[in-house]
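Q: Please take a close look at one part of this model and describe it in detail. Set it against the rest of the chain where that helps.

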Amino acid sequence: NYLSYGPVGSPATSSMTGSLCLVYASVGGICTTLGVNVLQYKKHLERSGRHTFTSCQDSSAVCLNFLFSGLSIVFFVLATGYGPVSIAMPVLSGTCLLSNMLVQIGLGIEHYTKSMQ
């Protein structure tokens, strides 16, 4: 039975595999948020005139974006190993939306009104 064994064949309860699906999907959503906001925050600082970045720093930001995006994919694949895509994808998307709003508020990139939240 797939639910009683994880993808590596170790015995697990169905609630444990379901929890791992939720955890991996949530971490994937946070990685997506971090990847996007690395570039967004850099652009925000440039537009506001608070900082000018060198080409090396620009390249580093793009590399961080690729790293976090790749990690997001890895965590999504891990999540689907412990639960269905119909659970993992909405959890990843919801986590991404919520964490994106929190990160943008925290970094001062965006100011959300009550109706936007």
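A: Two residues are in contact here when heavy atoms of theirs lie within 4.5 Å of each other. The model is a predicted one, and the part chosen is helix α2, residues 55–82.

The setting comes first. The protein has three helices and zero strands, in the order α-α-α from the N terminus. Of its 117 residues, 26% count as buried. Among the contacts with a separation of 6 or more, 64% join residues 24 or more positions apart. The accessible surface is about 7,300 Å², and carbon and sulfur atoms hold 69% of that area.

Helix α2 itself consists of 28 residues. From the first C-alpha to the last, α2 spans 41 Å, close to the 40 Å expected at 1.5 Å a residue. The buried residues of α2 are Ala61, Asn65, Phe68, Ser72, Phe75, Ala79, Gly81 and Tyr82.

Ser72 is a useful one to examine. This residue of α2 has a relative accessibility of 7%, below the 20% limit, and therefore counts as buried. With neighbours within four places in sequence left aside, the contacts of Ser72 are Gly28, Cys31, Thr32 and Leu92. Leu92 is also one of the six residues in the largest nonpolar core.

That core is made up of Cys21, Ala25, Ala79, Tyr82, Ala88 and Leu92. Each of the helices α1 (14–48), α2 (55–82) and α3 (85–107) contributes at least two of its residues. Two of the core members, Ala79 and Tyr82, appear among the buried residues of α2. Both of them are in contact with Cys21, as are Gly83, Pro84, Ile87 and Ala88, when neighbours within four places in sequence are left aside. Thr80, also in α2, can be compared by distance: its C-alpha lies 6.5 Å from that of Cys21, although the two residues are 59 apart in sequence. Thr80 has a relative accessible area of 24%, which makes it partly exposed.

Charged side chains link α2 to α1. Side chains of opposite charge can pair when their charged atoms come close. The count of salt bridges is two. In one, Lys42 pairs with Asp58, with 3.0 Å between the closest N and O atoms. Lys42 belongs to α1 and Asp58 to α2, so this pair ties together parts that are 16 residues apart in sequence. In the other, the side chains of Glu46 and Lys42 meet at 3.4 Å, N to O. Glu46 and Lys42 are both in α1, four residues apart, about one turn of the helix. Lys42, Glu46 and Asp58 are thus named together as a network of salt bridges.

The three members of the network can also be described by their exposure. Lys42 has 14% relative accessibility and counts as buried. Asp58, at 26%, is partly exposed, and so is Glu46, at 33%.

α2 also takes part in a nonpolar patch on the surface. Leu39, Val62 and Phe66 make up this patch, which covers about 260 Å². Phe66 lies in α2. Its relative accessible area is 58%, over the 50% limit, so Phe66 counts as exposed.

For comparison, a residue outside α2 can be added. Leu45 sits in helix α1 and is buried, with a relative accessible area of 12%. Not counting residues up to four places away in sequence, Leu45 touches Arg50, His51 and Phe53. The C-alpha atoms of Leu45 and Gly108 are 10.0 Å apart, with their positions 63 residues apart along the chain.

To return to α2: the helix includes buried residues, among them Ser72 and Ala79, and an exposed one, Phe66. It supplies at least two residues of the largest nonpolar core, and through Asp58 it is joined by a salt bridge to Lys42.

Terms used: Residues are numbered from 1 along each chain as its sequence is written. This is a predicted model: local features need pLDDT of at least 70, side-chain atom pairs count only at pLDDT 80 or more; totals for chains, interfaces and linings use all residues. Side-chain values use heavy atoms; hydrogens and water are left out. A nonpolar core is a set of buried Ala, Val, Leu, Ile, Met, Phe, Trp, Tyr and Cys residues joined through side-chain atoms within 4.5 Å. Buried means under 20% relative accessible area, exposed over 50%, partly exposed in between (1.4 Å probe, protein chains only). Patches are made of residues with over 30% relative accessible area and no salt bridge: like charges are joined within 9 Å, nonpolar side chains (Val, Leu, Ile, Met, Phe, Trp, Tyr) within 5 Å. Accessible areas come from the Shrake-Rupley method with a 1.4 Å probe; for residues, only the protein chains shown count as cover. A salt bridge is a side-chain nitrogen of Lys or Arg within 4 Å of a carboxyl oxygen of Asp or Glu. The expected span of a helix is 1.5 Å times one less than its number of residues.
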